[in-house]
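Colleague: I'm new to this structure and would like a close look at a single part of it. Could you pick one helix and walk me through it?

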Amino acid sequence: MQSFVAQPDEIGWPYSSQGNEEKRNLSLGGHVGFDSLPEQLVSKSVTQGFCFNILCVGETGIGKSTLMNTLFNTMFENEEASHYQNGVYLRPRTYDLQETNVRLKLTIVDTVGFGDQINKEDSYKPIVDYIDTQFENYLQEELKIKRSLFNYHDTRIHICLYFIAPTGHSLKSLDLVTMKKLDSKVNIIPIIAKADTISKSELHKFKIKIMSELVSNGVQIYQFPTDDETVSEINASMNAHLPFAVVGSVEEVKVGNKAVRARQYPWGVVQVENESHCDFVKLREMLIRVNMEDLREQTHARHYELYRRCKLEEMGFKDTDPDSEPFSLQETYEAKRKEFLGDLQRKEEEMRQMFVNKVKETEAELKDKERELHEKFEQLKRMHQEEKKKVEDKRGYLEEEMNAFNKRKAAAETLSLSQPVKKDKDKKNRSVNMENQSGVSASSSKVMMAKANVEPLNCQSWWQAIQCCTCLVHNATWRPGGLF
Amino acid sequence: TKWEFWEIKQAFEKQYVGFATLPNQVHRKSVKKGFDFTLMVAGESGMGKSTLVNSLFLTDLYKDRKLLNAEERINQTVEIIKHTVDIEEKGVKLKLTIVDTPGFGDAVNNNECWKPITDYIDQQFEQYFRDESGLNRKNIQDNRVHCCLYFIPPFGHGLRPVDVEFMKALHEKVNIIPLIAKADCLTPNEIKKLKDRIREEIDKFGIKVYQFPECDSDEDEEFKQLDKELKECTPFAVIGSNTVVEARGQRVRGRLYPWGIVEVENQSHCDFVKLRNMLIRSHMHDLKDVTCDVHYENYRAQCIQEMTRYVRNESDNRMESPIPILPLSTPDVDTEKLIKMKDEELKRMQEMLNKMQQQMHDKEQ
């Protein structure tokens, strides 16, 4: 017997898997026992429990919730959705189910408001975003330093059931657009909902039309796998029945002596589990009983890997550098990190610079404003000074006049006392003067009034002011030689 | 001779004047003239509109129809297609025009997808308006839409936003009769729930669908009962079929399923018979009347008001309008307001004058 231990000098270190290694089939001498490996795997997964996530996409009222209830034979709680949502939003609900000793963590994601808006151009976006987010969460977990993937609650969507309305003609434009956006991200199984409104001949034509439209537009739907001989036959035949025409019901109707799940019409009873009535049984068989594990695998191996690759490429990771030498993740990571830090620093500098600039600007502005205010202040001060000076001047002027007045008054009084004879002359003079004055009086009375306005202000009291006024006025008219 | 016969008749039926024969005369003349009716069908594709029309008029209007694929419909615009057929029954001729609206609600973005439809209806009104105001009115063709059947999908929980918007855009231009399409996917309970829900939502959104006229109070009880049932049955849940199947020993229009046969004319299966009776056998003329007396008159009044406003604004340019401008018998709202304002001003000024006069008078005294 040959030894299978690798000798360093014979084969080379590290152990190379390429080269002239021969794989040989050996026959066993007895029962070793590693044929229990599948059972070990199974018992491990049973203890762990299974996880399955279904996404139901379809118009409001098309029968998504009813079908889920029918498939899993449970009443998942569900309120009726309204047609008047502003947009599409996804509603995930997780349930723990158990059948014999197998536990299933089932998540059903509903698309609320799908197909109700008048403008449906953005309807697919929330769905794509949700799927991507689940992938992203898994990726983050995978990239962690300390990770616990075995414990991780996998929320990635394993299957998308797309509900097609039973118009009997073809797909709707929204269906085509949405499925094209989803086919590279998730396994799609299209189903015809409420199929009890299509007769057999119409159904045949409808199915053909739908499949041809999907093919001609390059929409990739999930194909049941035919590589495993045990299920390849049934899977192949089921592939030919796509899309499945389903009817859902949770109500039971008595048919013969059994109560079956069915819909009761005046013209007959549609039995959900009757294969000549609809394809419900086929769907259940394919989705749950045969291919559930394959769906999970496909999601992980194909859709998730595609997402991961795109995402990492976006981030700048490559498998081979320009010289086609394999890249070490570590080196790439280091390079990325340096770049990132460099970026950060630059950004910080920028921000600091901006901050400094802003501060300078604001300072300059404030200085300007200060200067302006200062100028204004100076100006006002000057004005004030001028005004004051003017007023002072006037006051001085008035005081002079007042003195002059008083002097003349005194002079006139002494004159009148010493020369009473000159009265007539005075009178004449007075009259002349008055005339003169009356000729001039218009302007001089104005002046007087002006003066009268000023003088009384310097008096201590009101009656004094009146006196001032009156005496001024009287003095003016009575003074020979006039005033000014 | 004729005169002798007439005298004898008169002698026998002294109190019989004879205008009771008017209905017969009307009947005779109308048969000679023939009738016309324009029916519009609207709704998303795949609702069974064409099948229903074929079932209603027992003919095949859509022999060579080509349906678009899904990718062609992504940006589809709404078209208006008219099919006109002349059909005759017991000497009565009917020129039936079916107005189809392919593309409605089929695109991904259906903003204002009802605009081509409202434009079409307005165009027919405008055409009639011109013809009616013209000099030679002998051969006016009435292309106005008398009735619009709107097909609501049975898959939802009630009216969808596009249904509401469509009906609100059209309810003042045409008689709308909403129908629940493809009713063979609903059990009787579900139909009742959906009908109640739709009636509720029609009230809530203020949509004015076609109302059956009230019975005269002197009709017999049976008729009144039928009428009441009819009204409570709206919106009608209909099924159509292009094929004849054998059911209960008879050949009937129906749909063949593995679990049974749906008969289109079976009243316990769907409301097709009620719709047909209402649309064709009893209310066809009322639909035409409401179109002429209400919808068309609304349009005409609006049209004239707009025109006179336009002409007033453009009075300098001496616009030549092909339609004679009729003087308004009642002033419109703006002029009335102005008149009122001026009146009040005058009153105020009058009062002031009086007051001043009084004052002066007092002063003099």
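Modeller: Happy to; here is a short tour of one helix, with some background on its chain. Please keep in mind that this is a predicted model. Chain A has 12 helices and 9 strands, and 36% of its 484 residues count as buried. Let's settle on helix α9 of chain A, which covers residues 292-315. This helix has 24 residues, and from its first C-alpha to its last it reaches 33 Å, close to the 34 Å expected at 1.5 Å a residue. Along the way α9(A) bends by about 35°, and the bend falls at Y304(A). Y304(A) is also one of the buried residues of this helix. The others are M292(A), D294(A), L295(A), T299(A), H303(A), Y307(A) and L312(A).

What covers those buried residues? The cover includes three strands of chain A, β1 (50-57), β3 (102-112) and β4 (159-164), together with the helices α4 (124-143) and α8 (280-290). Just after α9(A) comes G316(A), which takes a positive phi of about 105°.

For a contrast with that buried set, look at V32(A), in the loop between α1 (8-11) and α2 (37-48) of chain A. V32(A) has a relative accessible area of 57%, so it counts as exposed, the cut-off being over 50%. Together with L28(A), F34(A) and L37(A), V32(A) makes a nonpolar surface patch of about 430 Å². As for chain A as a whole, its accessible surface comes to about 31700 Å², with 54% of that belonging to carbon and sulfur atoms.

Notes: Residues numbered from 1 in each chain as written. Chains lettered and ligands numbered in written order. Predicted model: local features only at pLDDT ≥ 70, side-chain atom pairs only at ≥ 80, totals over all residues. Heavy atoms only, no water. Patch = residues over 30% accessible without salt bridge, like charges linked within 9 Å, V, L, I, M, F, W, Y side chains within 5 Å. Areas by Shrake-Rupley, 256 points an atom, 1.4 Å probe, with all protein chains shown as cover. Salt bridge = Lys/Arg side-chain N within 4 Å of Asp/Glu carboxyl O. Helix = DSSP H or I, 4+ residues; strand = E, 2+ residues; numbered from the N terminus. Buried < 20%, exposed > 50% of the residue type's maximum accessible area, 1.4 Å probe, protein only. Expected span 1.5 Å × (residues − 1). Bend = angle between axes of the 7 residues up to and from the residue. Contact = heavy atoms within 4.5 Å.
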